[in-house]
Amino acid sequence: MEDHIHHNHHEQYKRVRSEHHSHDKHAGHSPDMFKRKFWLSFALTIPTLVFSPAVQNWFGVDWSFPGSKYIPAVFGIIIFWYGGLVFLKGAKAELADKRPGMMTLISMAISVAFGYSLVSTLGIVSGMDFWWELASLVTIMLLGHWLEMASVQNAEGALQELAKLLPDEAELANGKTVPVSELRTGDIVAVRPGARIPADGEIVKGSSDVNESMITGESKPVKKSVGTAVIGGTVNGSGSLRVKVTKVGSDTALAGIMKLVAEAQSSKSKSQILADRAAFYLTFIAIGAAVLTWIAWALSGESADFILERVVTVLVVACPHALGLAIPLVTAISTTKAARSGLLVRQRMALESARNIDVVLFDKTGTLTKGEQGVVDIVSDDTDKLLRLAASIESESEHPIARAIVAAAKGAKFKLADVKNFSALSGRGAKATVSGKTIYVGGPRLIEELGATLQSKIEKAEKQASKDGKTVVYVIEAKKVLGAIMLADVIRDESKEAVGTLQGMGKRVAMLTGDSKGVAAWVSRELGLDEYFAEVLPENKAATVKKLQADGSKVVMVGDGVNDAPALTQADIGIAIGAGTDVAIESAGIVLASSDPRGVAKVVTLSKATYRKMQQNLAWATGYNALAIPLAAGILASTGFVLSPAAGAVLMSLSTIIVALNAQLLRRLQL
């Protein structure tokens, strides 16, 4: 499809994509790449362990044969260059950035193990080689990084999804079809019913209702006629249109939103995960401990071989398998747990930081509400009879409001009456004969036209409905108004509980909408929100998030439409309602698979539990190192205890098992 997408959009997407990657320590990496490297390294690690003299000694077996001692060396060298190279490159990038972290620590351990094992195998120094340790270290770290990357999905797809909103081709008024990229200002394009409008323009012929909710967030289709503007990417209703192109390429509304998404993505600060921070300090501790070990044993007059073995042991045990798995294992389990609860985690940092949020900002249309018109109130002496009567007449109509009234009657399981002589009254409503009486259903213009009078309670309800931004439909017999039906964007049944639960957690709950202040005030009252922002244009949604962040508040944005994409990326965490558009989903860190806003509270609960497990695992993993490094250095040598590389490796394995078992406990969390 991209062949036909406008050149400017495509170029902007590519540019932002490259900027995104340039800030990523895993630039050019993918879960599949780590997966491939892990499985091959794992396969080679098995014979490396089996034929390692040290491992055979532990189990009291002897499987050696002439030349078998070189098997671990051959496979160890292959694993170092095939599996370990990715860490060496990562370390280079970390050091260039002056932020040594996990990659540096892994690289230091495997490089030292590689160099020492090589000189040991060649007989240059006397001592035990570390090929088995090198192989298992690389393999476990590849597993950790595979799990880590598989848990995270890049948000870069948002720009691609935005570009996809434009159709591949446009039909010119003369019937010729051209790629959208070839459209020029002033071209006249034909837009058929149900088709996407290919570029920003002005209607020169025809009229229709256009669904702009993907761009503006406005829940109702907008009436468009000659002289009114239309936006590229929006969906035409049932009318045929001729549109004069007024903007193309980077000037279009869609390109503007794309630019905002790009800016919000590129301006997000780089977050360091806890393990990287621990690795940062551990790198200096390991180097410092190795230097002190060298100096201390040199001053005591020990042999060069003994000193070298101590230093190597310190540097190898400094790279904890447990630390490499502490975060990825918890992440993998928590994201699986989340998925089973309908929470799809695309960015690990989003789940990690959800525990600290202060404000939950919901988009209204399609998130707290269903994004479709529905009956919200009826004013009449007999509400059931009125709804049945209105639905009987409106069942003949295809208008969205008519369909909403019919749906309400069917939902209440009313049997519709027989209708005769139905006729649509253009722009006013409809009339028909029911049980021999002529009944009218329509808006305020119909009341004026018929000279009908309103009862005081209907008039009072109508005034309040107008303030709330509701649509009012009257049912009239002769000149008497039998009652009024109020329609609005229907609030989801789950929204009140969702808001209440979050407020119970101490979070401020706010709402953002492109709809009028009246509509926003009504929804806010119904749900008991702390605050709301109404009549917010798409380009100002991200600015509203910034305003909430100005006092240091951590903001979660929950939305479903294209117009929410910049705000989702600007927020500290973006959560997309799954029933929403691909763009919103691509812009969000977390996606709610259903359209149930109660999932936001589940995210906070899971985040707290996940963070707790990460802290426990990191405390154990780094605690192990705090103990293992001095023992490896030989601090208890005076008592006759020296931690051998083999014993260090066993401790390391035990530490990894404990971390893995602790992570498994997260599965018991109830969401």
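**Exercise 1. Find out how much surface this protein exposes, and what share of it carbon and sulfur atoms supply.**

Keep in mind that you're working with a predicted model. Start with the total: the protein exposes about 29,100 Å². Next, split that by atom type: carbon and sulfur atoms supply 56% of it. Now turn to what's hidden. Of the 671 residues in the protein, 52% are buried, where buried means under 20% relative accessible area.

**Exercise 2. Work out which residues have the most contacts inside the largest nonpolar core.**

First, size it up: the largest nonpolar core has 102 residues. Then look for the ones with the most contacts inside it, and you get Leu134, Phe362, Val558, Ile573, Ile575, Val600 and Val603. Which helix gives this core its largest share? That's α25 (residues 599–633), with 15 residues. There's also another core, lying apart from this one, with 22 residues; Leu387, Ala432, Val473 and Leu487 are among them.

**Exercise 3. List the contacts of Leu134, skipping its neighbours within four places in sequence.**

Cross off those sequence neighbours, and what remains is Gly76, Phe80, Ile110, Ala113 and Phe114. Now zoom out to the whole protein: take the contacts with a separation of 6 or more, and 71% of them join residues 24 or more positions apart.

**Exercise 4. Explain why the buried residues of helix α22 line one face of the helix.**

Step one is to pick them out along residues 538–549: Pro538, Lys541, Ala542, Thr544, Val545, Leu548 and Gln549. Step two is to look down the axis of α22: these buried residues fall within an arc of 150 degrees, so they line one face.

Key
Residues numbered from 1 in each chain as written. Predicted model: local features only at pLDDT ≥ 70, side-chain atom pairs only at ≥ 80, totals over all residues. Heavy atoms only, no water. Buried < 20%, exposed > 50% of the residue type's maximum accessible area, 1.4 Å probe, protein only. Contact = heavy atoms within 4.5 Å. Areas by Shrake-Rupley, 256 points an atom, 1.4 Å probe, with all protein chains shown as cover. Core = buried A, V, L, I, M, F, W, Y, C linked by side-chain atoms within 4.5 Å. Helix = DSSP H or I, 4+ residues; strand = E, 2+ residues; numbered from the N terminus. Arc of directions from axis to C-beta.
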